[in-house]
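Hi everyone, thanks for coming. Have a look at the screen, and I'll talk you through what I picked out.

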Amino acid sequence: MTRLGGRTGSGQGGRRTGSTGSTGWSGWSGWSARRRLLLGAAVLAALAAALGADVLAHGLVSRLDEPAKELGERLRSRELTPVVRLLSDLGTTPYRAVLALLASVPLALRWASWLPVAYAALVVGLAPAVSASTKRLVGRPRPPAAEALEHPLDPSFPSGHATASAALATGLAVLAVVALRSAWARVAAVSAAGAFALVVGLTRVYLGAHWLTDVLAGWCTGAAVALALAAAVRPWLRGRPDVNTP
């Protein structure tokens with residue numbers, strides 16, 4: 001990947017690019033960070049697959065779907081529904097693309113590399129494709145249309161909104177852990193990203209567009225996609241220029 005600022009190394013403009021320094025990855029020991037990311041992605045993908053098998057077999061976890069649907073219906077109100085619709089829209093591509101750019105472009109300029117933008121673009125673009133492919137494979141019907149506030153036409157499993165929002169949230173969390181020096185700041189950023197994915201996913205159950213297990217599988221699938229992509233660009237994540245160090 002071409003650096004924005006030209007040459008790299010320890011002698012150009014006081015910048016140092018080869019050390020993890022105080023980034024969020026520096027404390028990891030044993031396995032490399034790339035292997036840990038891949039392991040996390042594999043575990044999450046296995047969980048999504050297990051949920052898919054449970055759904056197809058009408059297993060134990062899928063028994064939660066009907067109670068969750070009924071709870072969502074009981075919570076509906078004239079005042080709450082417009083807010084839920086707005087929050088649900090945050091999981092659509094235009095909003096996710098804006099959020100990804102707002103997070104990645106400043107880092108690209110700060111680190112003199114387009115890799116943060118490339119990573120964010122891959123996260124935004126690939127997660128929906130994985131979700132759509134899985135939907136066609138599983139072919140699960142949506143919740144009853146008569147009781148739903150939204151009526152998508154594609155299959156239900158996994159939730160595309162949950163997949164895409166979890167992928168973006170995980171990707172932003174990865175960038176935050178690498179970029180931020182303060183442990184408290186990292187915790188705050190990761191918590192905010194997780195809350196974003198949680199809220200978007202739950203809106204889909206409230207609106208009757210998805211079963212709960214669709215959302216659970218979407219969260220696992222999206223996070224797995226983002227972690228796998230982070231592992232693919234780990235050579236960049238391993239080093240962060242520190243412009244404040246002479």
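I'll start with the overall picture and then go to a couple of spots on the chain.

First, keep in mind that this is a predicted model. So what is it built from? Nine helices and zero strands. If you read along the sequence, the pattern is just α-α-α-α-α-α-α-α-α.

The protein has 246 residues, and 43% of them are buried. Now take the contacts with a separation of 6 or more: 80% of those are between residues 24 or more positions apart. As for the outside, the accessible surface is about 12,200 Å², and carbon and sulfur atoms account for 67% of that.

Okay, on to the surface. There's a nonpolar patch of about 620 Å² there, made by Leu71, Leu75, Leu80, Val83, Leu87, Leu198, Val199 and Leu202. Which elements give two or more residues to it? Those are helix H2 (65-75), helix H3 (80-89) and helix H7 (183-206).

Let's pick one of the patch residues, Val83. Val83 sits in helix H3. Is Val83 buried, exposed or partly exposed? Its relative accessibility is 44%, so Val83 counts as partly exposed; the partly exposed class lies between the cut-offs of 20% and 50%.

Now for another spot, Trp111, in helix H4, which covers residues 93-111. Trp111 has 1% relative accessibility, so this tryptophan counts as buried. And here's a pair to find on the screen: Trp111 and Ala179 are 68 residues apart in sequence, while their C-alpha atoms are 9.6 Å apart in space.

That's it from me, thanks!

Methods
Residues are numbered from 1 along each chain as its sequence is written. This is a predicted model: local features need pLDDT of at least 70, side-chain atom pairs count only at pLDDT 80 or more; totals for chains, interfaces and linings use all residues. Side-chain values use heavy atoms; hydrogens and water are left out. Patches are made of residues with over 30% relative accessible area and no salt bridge: like charges are joined within 9 Å, nonpolar side chains (Val, Leu, Ile, Met, Phe, Trp, Tyr) within 5 Å. Accessible areas come from the Shrake-Rupley method with a 1.4 Å probe; for residues, only the protein chains shown count as cover. A salt bridge is a side-chain nitrogen of Lys or Arg within 4 Å of a carboxyl oxygen of Asp or Glu. Helices (H or I, at least four residues) and strands (E, at least two) are DSSP runs, numbered from the N terminus. Buried means under 20% relative accessible area, exposed over 50%, partly exposed in between (1.4 Å probe, protein chains only). Contact means heavy atoms within 4.5 Å.
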